[in-house]
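Okay, thanks everyone. I'll put the model up and then walk through a few spots in it.

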Amino acid sequence: MKPAYPRPDTTPPAPLQGDGRIDVVVHCGFAVLMVASGVRYVMRHSAADNLWTMALAGAVCVLYAATALLARRAGAQPTPWLPWTVALLGGWAVLVVAAPSFAWCSFAIFFLGRSALSGWAAYVAGGVTAAATAVGLFRMSDWTDVAMVLGPLAAAALLTLIYDKIERDAALQRRLLADVSQAQEQLAASERAAGIAAERERVSREIHDTVTQGLASSLLLLEAAQRSWPEASARDDLFKATDLLRRNLADTRSLVHELSAPGLETGPLAEALEHAARQYVESIAVHVTGDPRPVPPEVRHTLLRVTQSAAANIKLHAGARNASITLGYLPDAVTLDVYDDGRGFDPAAVPPPSAAGGYGLRAMRQRVHRLGGELSVESSPGEGTIIAAQLPLTGSSTGSATGSRSATGSNSSTGSNSETKGSP
């Protein structure tokens, strides 16, 4: 994209308008020179000549003030001051030809004309000012001194080049500022879009790891109860499904209230992981290695959600007899191994996420990688699965500390089917 912010031909140039100090210097210079030129003219001419000349000089001053005031207030619309500018140039041309003593004021007239007009009209105004001054000075020399003609014309040409250069630089600066402003707006819009996408991704992970997994487990229990009804085991399944639905409702309410997780902010981490896992696998065991210590809230939250997702998949897909969780504390990292002896699967053959499920591993990896950690899946058909996560505690954004895994997780050759085809 190439943004363009061209200044319309009718827009007055920026240097004099944009810099109030230049305006003040030019206008004050005009006032001083007009007073000095008027005094000089009165001292050298008769009263009859002074009357009409000074009246014309006063009219020029009024036209100058009106043009300067309108040009400053009206912005980019030239109509209000255009007649005043034309009248000023006409009155000035008559004054300087009739009384060359006022020729020094030509500089202020030149700059005001360039400031009030643009395009070809600005060049015409500069040319009229230079030509009238040249004629007035040439007349003062009794039409003999050619330098009196060439001097104003050369000065006007030089001032025009300088003014054009200033104007181009100002236009370039405005374009650069506009580009920077647009780039900042685009960056802000991109950050907002990225924030929205990240929030949507986060909410989808939260819903998957709580509501979706809980509902899927409840559905399995209800289906089992339906198949075995009216046996006593059906009542147990109904009781478990009801309890799981209550917990799921509590999780949903927590999501509504800032997506907080039960036991996340308070209580030992191992107990929070055990509570999360036993919603799905009642007999799961939790082991702790290393010296327990507080971990950042975002790390606790990630470990909790990974545990929930892995335990839910054990319940839904693994068909495991035994399962365990090992929480390990390393000097600069914390590790989590979720193991069971279920049917296993091929991690390379896991289908992409779809309406039927398949978000578990993806959500786990996103959570862990977002905190600079690593997540690995060790599994094969008939050999179980190990979900291994390692998160740094030093706040680094890349990589994670290395260290030995727990004996339970590392020495096992079997594990749970954490996400088989069609898993939620």
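Before I point at anything: when I say polar contact, I mean a pair of N or O atoms within 3.5 Å, where one can donate a hydrogen and the other can accept it. And keep in mind that this is a predicted model.

With that in hand, let's start at Thr53. Its side chain makes a polar contact with the side chain of Tyr41, at 3.1 Å. Thr53 sits in helix α3, which runs over residues 47–73. So, is Thr53 buried or exposed? Its relative accessible area is 11%, and the cut-off for buried is under 20%, so Thr53 is buried. Who else does Thr53 touch, once you skip its neighbours within four places in sequence? Besides Tyr41, there's Leu95, Ala99 and Phe102.

Now, two names in that list also belong together. If you search the whole structure you get five aromatic pairs. One of them is Tyr41 with Phe102: the centres are 6.2 Å apart, with 40 degrees between the planes, and the pair is tilted. Tyr41 is in helix α2, residues 20–44, while Phe102 is in the loop between α4 (82–98) and α5, so this pair ties together parts that are 61 residues apart in sequence. Both partners are covered, too. Tyr41 has 5% relative accessibility and counts as buried, and Phe102 is buried with a relative accessible area of 1%.

Another tilted pair is Phe111 with Tyr163, because the ring centres are 6.0 Å apart and the planes are at 45 degrees. Here too, distant parts of the chain get linked: Phe111 is in helix α5 and Tyr163 in helix α7 (residues 147–228), 52 residues apart. Tyr163 counts as buried, at 2% relative accessibility. Phe111, though, comes in at 22%, so it counts as partly exposed. Add Phe110, and ring pairs link Phe110, Phe111 and Tyr163 into a cluster.

Let's stay on α5 for a second. This helix covers residues 106–116, and nine of its 11 residues are buried. Among those are Phe110, Leu112 and Arg114. Arg114 is a fun one: its charged end sits over the ring of Tyr123, 4.9 Å from the ring centre.

Okay, over to the cores. Which residues have the most contacts inside the largest nonpolar core? That core has 35 residues, and the answer is Leu303, Leu327, Leu336 and Ile387. The elements giving two or more residues to this core are α9 (269–277), α10 (297–318), β2 (323–329), β3 (333–340), α11 (360–370), β4 (374–379) and β5 (385–392). Of these, α10 gives the most, with nine residues. If you click on Leu303 and ignore residues up to four places away in sequence, you'll find it touching Leu269, Leu273, Leu327, Val334, Leu336 and Leu391. There's also a second, separate core of 27 residues, which includes Val60, Leu63, Leu89 and Trp92.

Last bit, zooming out. The chain has 12 helices and five strands. Of its 424 residues, 43% are buried. Take the contacts between residues at least 6 apart in sequence, and 74% of them join residues at least 24 apart. As for the outside, the chain exposes about 22,000 Å², with carbon and sulfur atoms supplying 63% of that.

That's me done, happy to rotate anything.

Note on methods. Residues numbered from 1 in each chain as written. Predicted model: local features only at pLDDT ≥ 70, side-chain atom pairs only at ≥ 80, totals over all residues. Heavy atoms only, no water. Helix = DSSP H or I, 4+ residues; strand = E, 2+ residues; numbered from the N terminus. Buried < 20%, exposed > 50% of the residue type's maximum accessible area, 1.4 Å probe, protein only. Contact = heavy atoms within 4.5 Å. Areas by Shrake-Rupley, 256 points an atom, 1.4 Å probe, with all protein chains shown as cover. Core = buried A, V, L, I, M, F, W, Y, C linked by side-chain atoms within 4.5 Å. Phe/Tyr/Trp six-rings, centres within 6.5 Å; stacked < 30°, edge-to-face > 60°. Lys NZ or Arg CZ within 6 Å of the ring centre and 35° of its normal.
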